Structures are given as C-alpha cells and as structure tokens.
There are 2 protein chains.
Amino acid sequence: MKGFTELARPWTSVALLMMLATGPSLAQQSPGSPADTDPAKLGWMQGSPPPPDKRISFSNARLWPQSRWSFAYYRELTATARVSRGSESVAKLPVALREDLDAVTFLPLGRSEHMTWAEAVEAVYADAVLILHKGRIVQERYFGVMNADQPHIAMSVTKSYTGTLTEMLIADGLIDENAPVSRYVPELAASGFGDATVRQVLDMTTGLAYSEDYTDPNASVVKYAIASGLRPTPPGYDGPRAIYDYLPTIAKQGAHGEGFTYRTVNTEVLGWIIARVTGKRSHQVLSERIWSRLGAEHDADIVLDSAGTPAVGGGLNPTLRDMARFGEAMRLDGRFNGQQIIPAAVVARISAGASKEDFAKAGYKTLPGWSYKSQWWVSHNSHGAYMARGVHGQAIYIDPKAEMVIVRFASNPQAGNVNFDDISLPAYQAIAEQLMQN
Amino acid sequence: MKGFTELARPWTSVALLMMLATGPSLAQQSPGSPADTDPAKLGWMQGSPPPPDKRISFSNARLWPQSRWSFAYYRELTATARVSRGSESVAKLPVALREDLDAVTFLPLGRSEHMTWAEAVEAVYADAVLILHKGRIVQERYFGVMNADQPHIAMSVTKSYTGTLTEMLIADGLIDENAPVSRYVPELAASGFGDATVRQVLDMTTGLAYSEDYTDPNASVVKYAIASGLRPTPPGYDGPRAIYDYLPTIAKQGAHGEGFTYRTVNTEVLGWIIARVTGKRSHQVLSERIWSRLGAEHDADIVLDSAGTPAVGGGLNPTLRDMARFGEAMRLDGRFNGQQIIPAAVVARISAGASKEDFAKAGYKTLPGWSYKSQWWVSHNSHGAYMARGVHGQAIYIDPKAEMVIVRFASNPQAGNVNFDDISLPAYQAIAEQLMQN
C-alpha cells in the first residue's frame, strides 16, 4: 500500500470544522495522516475521568483532530432528539463478506497512478464503510472509535432524508410543490424564501443572499451552524440562536429557479414546512414515515437548536447499518423490510434527477453532468447512480445497475467532498464493476 | 372516581425539582391536579417553533409543572450518552390485557376510605404504568406526552441498575466487596469514602458529611445535581462542575457501617469503581452486561456531566417496556431473553435484603421492616417484594410470589416517594393479590 503522504490531497482548503472552531489559521498546516489522527490511538475521552488534555466538549469538539472523535459522539456534546426506531423487530441484513474488494484498483481522477479500494478508504479518513450487494453485506469496516452500534453524524446526508420525506408528503397531497413557501410558513413571507416555490427550495434553485463557502469564516453558513445548534454559541455572539429566528432574516438575491446553488438553509425551510403541514416535529414524522419502518437497529439522534427544532439540514446521527437500510430501501424502489416504505414514484422521481444545466452553473468540477434533485445528488451515469453527500466524507452511494449501496462515515479534515471526489467516485465505480462481474 | 382534591396529599414538602429550580417559595401553593397539569394539554413545546411561553429549556425544565414534560425529554435538554441496545432482535413481551385491574380496591395507609388502582395511578401523577404477570403485559398505560417508544427519566431507579452491575462484577471477582474504595479510586483516599468498603458504599451505610434532604435548598444534593449534569450550572456558581471533581470533596462524618443513610453520591462512587476495574465508561459496561442482552426495544439515554461521566445515581432514561424487561429479568432470577443475564446468585443476594436494623435508623415511616441492599429497597414482606425507587414516583416493583412486575414513571410534584407510598405500596399489594386469585 502506498504511504499516506503520497496519497494525501494538497492541504489547501480549510475544513468547515476547523474554520468554525479556530478560524483559518491552521490552513497551511499538515492535517496528519489518518493513522496519526486515529481518535482511539489519541486517547480522546479515555480514562475516568479523562485527563484535561484529552477531554472534548462542545466548545472544542470541532477542532482538528478532535473532530475524529466528536463526529461519533455528537449527542454527548449537546442536546439531541430521538428519531425512534419504533417497537418492531430488527430487519437483519444478511452477511456475505467478500475478500476480493480491498484489492480492487482504480485510477483517481486526474492521476496517473492506480489506487486500491483499501487505500481509498484510508485516504479519505473513513470512520466506517459498508457495502451492500443485492442486499447482502459484502464489506463492513469500522475504524477509530466507531463500531456497529455507534452512531456518527451524517452531516448533509441528513438532507436526503428530509428531501425524501418532503417528496412523500407531496405524493400524499399534503404539500403542493408549486405553492410558494409562504403558504405554509407565513413567517417567511418577507424573506428571500417568501416567493420561492417548494420545488425550488427542494432542488436548491433559490436566489438568496446566503453564502455556504466553507473557506470563508464570515460566511452565512457559520451563522446557520450556530442558530441550528450544530455548533456552540461563541462568547459575545448576538445573532439568532434558533433556526426559525434565523431563516426569516435571509434576503433574496437574484432570481429563483435559475440555477442550482447549494445552501443548507433551504433544507431547514423544508423541515419547517413538514412541521406545519403535519402538526408534528419533523423528526417525529421522519420516524413515523421512514425510520420506524426500516427495521432499524437503533434510534437515531438529531441535533436540536435552542427552541427544540431538529437540524434537518445536517444534524442526523444514525448507525452505519441503519443508514445502509435507508439506502437499500431507495435502491429497491422504496420497498424494504416487507413493506412499501417510500412510494416507488418518489424514488423514480428523485433518481431521475433534475436539470443538468441548472446544476452546471454551480461549477462542481468533480461532478460533470450531474444534477441535484430533492436533496439528492444524481450522477446521470450509465448505472443511474445517485448519492446523499455530507461534508467531511459522509455518503450514501446507490448504484441501481450494480445492485449496490455503499455507505460511508468519515472525518476528513477537509469539509467539501469535492476535495476527495477524485478518489471516492472512481472507487465506487470500480467496486460496482467488480460486483457486476461476479 | 373520587375527585383529585380529595385524593391529593397535603402539599407540605417541596419537590426536589422545584427546590432546585426555584427555591422553596412555591412550597405552600397547590400543585394543581394531574389533569390540570397534563403536559400535553398544557401545550409545552407544541408548535413550530413553540411560542416563547411554552418553551422548555434546561434552565426552566425543573419548574413545576414543566417537569411533567421534561421528565420525558431529558435528552433534549442536555448532553446524554447512549446505553446501546446492541444489534440483536427485540425480545417481545406477550400481551394479555386484563380489564379487571383498574377496579381493584385497596385501603391507603392511614386512611379510612378505599381507592381503586385507576385512582391510585392518577393520584400519584403517573406518566406511564405497565404491569407484567407471568411475563405477559396485563396493563400498559401512557399519559400526557408519554408513549411506548418515549423514554422517561428513571431518577434513582438508575441506582438499582448500577448496584446490580456492581454485584455482577463482584461475582466475577473483578471487585472485592470488602476492599476499601481507595483501592480502586485512589483519588478518594483522603475523602470520606476512602476507608469505606465497597459493600458499605453499595448498601449506603457510609458516614458522610452530605445531606440529601430534599426540603433544604442548601443541601449537598443540590451541589451533586449540578456536578453530575442533572441540573444546569446556575449563574455565578463556582463549585465543582464534574462528579469526579465533587466526590473527593465529601468528608467523613460519623462511622461507616453503622446504619443506612440514603445518599446518591455512594452510587456515583460505584460508577467510578466500575469504570476503573473495567477500563470502560460505566454505561458502556451496563450496555454490554445487561442492556444489550435484554432484547431491549430502544437504546437508553444517560445524562452526562461536563467531563462525559454518566450520572449513574439518577440519569438513566429508558422506555417503560425496557424497564419492565429488566424487572422481569430480576424476577426470573436473572434469566431472560433466552440467556442468563444476571447470575441467579446475584439476584438472590439482592432480594434477600440487608439489615433491617440498619435500615430502621433512617426512619422511613412508610417502610417498616424494610432494608436496603445493593441499591435496591427490599420489603421483607410475605411475597418477598423488592423495589427500585426514584424521586417523583419512578418505580420497579418486583413481587416474586405473585409473579408480578410493576414499572411506573411519574412526575409527582413531590420528590420523596414517602409522600405517596401510602397509596403506592398498598396498591401494588392489591394488584398482586388480584393476579394471584386468577
């Protein structure tokens, strides 16, 4: 196996975590290899009590490399709600492990030297990875402090749950995708969201004065992270402390419906709409409609803001297997655990994707020809693959043609997946091809 | 059914909750009936977002009647850890509901008028109650904001889990019950615990300068509640903020082994010993040894202090059915879900109780002839009944002769169970007799 230094990306962009916690001062430092930053080896929170220099609290949880521990222990840092698994039996995932997958090779984008799957898993700082083929677990790996019954923050993979749920409520007629947001949330009438349609919010084609640039410490996303409860309130902070206090302050900029721009606040608006049309907290609806029907092994945790609103744009913490169950349900056109959980038409609509032209305007260099539909990233490749993606390497990769689902948790020092898509995407494709061969 | 006002206890003692949150000023006010303080009817945390006067946060969660909501939502107020259910199947509890139990009558202690079981359940401000007879659910009720997959804080019922776990580690030879505490926790050598034996800590016969008087706002238990993370740190507080910072400050007072005095800090010392002898966090040991083997429906939540230490003296939040599974495992001499979870000798040792003479010194007027053994309350009655008890009405009542387990969550405005034992205890006995008849 190649050494880490050969594989590592140039350390040129600052992780959202680090930026939020420390500002960009570490930008030029080396992050340390995955092995050097293994949270179990570093002894975070070991001992009774842990020595002061090994303690992690909400205030230092997002420092690097503490984040390699805290991504697995978010509920120990702040208030969370339970996304209940319900009371039913666990839907067992059959296991048929394969030894051939680690050695599968691929060519990273823009490189001249091949890597193996095992190298790719390490290079992205994966904390856990599971591959389902035809519904059977063919690989399941845990690293650092992770294990099968340990949840991990899914970051923006959360959005794909929220988007799917929204599509389900549209299919039920509870939400009109062509209605303006203000029909459901009058509090947003005067904001940039007021005249956007639900569909525009779902597909993130809203025009808003809001920046999600992870390399800018003054970006709107920092204010979002505080208001949503995803990061602690800094001393002296006088901005909004609850997500529903923050959303109405976001102004319009440009026009809606003219192109894709990734902004987490759109997802939080969906959560608000879900709560309004159901009269329930949105994570409760997620449990009733999806989580409790998947035969999940565990309740999931979701981060709350100071008013008890769940962070549906990035705050879900599931176990790896439970995330795999959701991916598998999507792959099977919504039918899993003996029941039609998600209408097949909803899955078809999502996996068909949206406008590639709208998407291209966002300029993702690693995602040519992709689109963004209902909070999912759609590749439009020959396998019909589509993804849920979260910063620092969280992923659900669904490849219908290969009958494969890959789920991954990671704690990459860099936030944007674009920084390691050159490894991840061809690696997924190579595994798919290997599984299709035998 | 009798009106509430007839049934209500005189409002003479101040709930721990209220005391911690507001001081004793509400002591003379009427608490309001169970129906009038129903948290669902009062609309706590309803709406998206909830209106400001209906919001509950950690800082006001222990006000009355907000506590009727917050006892079910502790994890939404502060950091908690997961006591994992593991990955195995749910051990289904068979259901054979009986309609005759609500009308069972009994005479409350010191009263001349009979009550029914249904009246008793309401009078104690029960949030949920479940009765198992021969392993089958014969009654299961949820009130207010509770339901089958909603956890509820178990308060000092938590201690009985911790005590049982300690006995299991003693049985395994990992802990010597006759060793001084300082052998396992040198940090406590200079404290009042230093020369106490593990057995004295387990049975709460330590002599300590520590008061658990819930009617005294300056009692040590307030400092405990802050240090353990069970209540928020008040502005200006400069005392210990972590339980392992607090325990070493407790001095000796009197002699060890001369009588029972109920002090939660003993249980926290057990948690520390468990962590030291296993090298794991104690809630992780609880999961491995007990929770993950019960076929639990849900992970449980446990409140953490600022250093990540679980509050093993009062911070566990299980669902009602999962608490029933534990009670049933105890009733069945430790064998449940197809396996011997707790050694039969451990159950026998606990249920046999300790010295009645030692217990009598504590002066519990509602518990004549009882004893306290390994964090369980033992009745020594003709049925061999024993209990886990938590403030405000949390209970596991195990009646081996009647083959009955009753589990109850409550949010009684009064802290001490002694304030409503006059109803609870004869009610349990009456149900036991009814079940034994047919």
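Domain bounds here come from an automatic or database domain assignment. For chain A of this predicted model, that assignment gives domain 1, spanning 4–77, and domain 2, spanning 126–437. If you draw a line between the C-alpha centres of domain 1 and domain 2 of chain A, it runs 24 Å.

Let's look at where these two parts of chain A touch. Domain 1 of chain A brings 25 residues to the contact, and domain 2 of chain A brings 26 residues. On the domain 1 side, helix H2 (16–22), H3 and H4 of chain A each supply at least two residues. Which of the helices gives the most to that side? It is H2(A), with four residues. Sorted by class, the side of domain 1 of chain A that touches domain 2 of chain A holds 16 nonpolar, four polar and five charged residues.

Now for the backbone, beginning with the loop that links helix H3 (39–42) to helix H4 (67–70) of chain A. A:Pro49 sits in this loop, and the peptide bond leading into it from A:Ser48 is cis, with omega near -5°. Moving over to chain B, you can find B:Pro65 in the loop between helix H3 (39–42) and helix H4 (67–70) of chain B. The bond to pick out there runs from B:Trp64 to B:Pro65; this peptide bond is cis, with omega near 5°.

From omega we can turn to phi, where two residues other than glycine take positive values. In chain A, the residue to select is A:Gln375, which has phi near 75°. Its place is the loop between strand S10 (371–373) and strand S11 (376–378) of chain A. Is A:Gln375 buried or exposed? A residue is buried if 20 or more other C-beta atoms lie within 10 Å of its own. A:Gln375 has 28 C-beta neighbours inside 10 Å, so A:Gln375 counts as buried.

In chain B, the residue to select is B:Lys134, with phi near 50°, again a positive value in a residue other than glycine. You will find B:Lys134 in the loop between strand S4 (126–133) and strand S5 (136–142) of chain B. Why does B:Lys134 count as partly exposed? The exposed class takes residues with 12 or fewer such neighbours, and partly exposed lies between that and the buried class. B:Lys134 counts as partly exposed because it has 14 C-beta neighbours inside 10 Å.

Technical notes:
Residues are numbered from 1 along each chain as its sequence is written. Chains are lettered from A and ligands numbered from 1 in the order in which they are written. This is a predicted model: local features need pLDDT of at least 70, side-chain atom pairs count only at pLDDT 80 or more; totals for chains, interfaces and linings use all residues. Two residues are in contact if their C-beta atoms, placed from the backbone, lie within 7 Å. Ala, Val, Leu, Ile, Met, Phe, Trp, Tyr, Cys and Pro count as nonpolar, Asp, Glu, Lys and Arg as charged, and the others, Gly among them, as polar.
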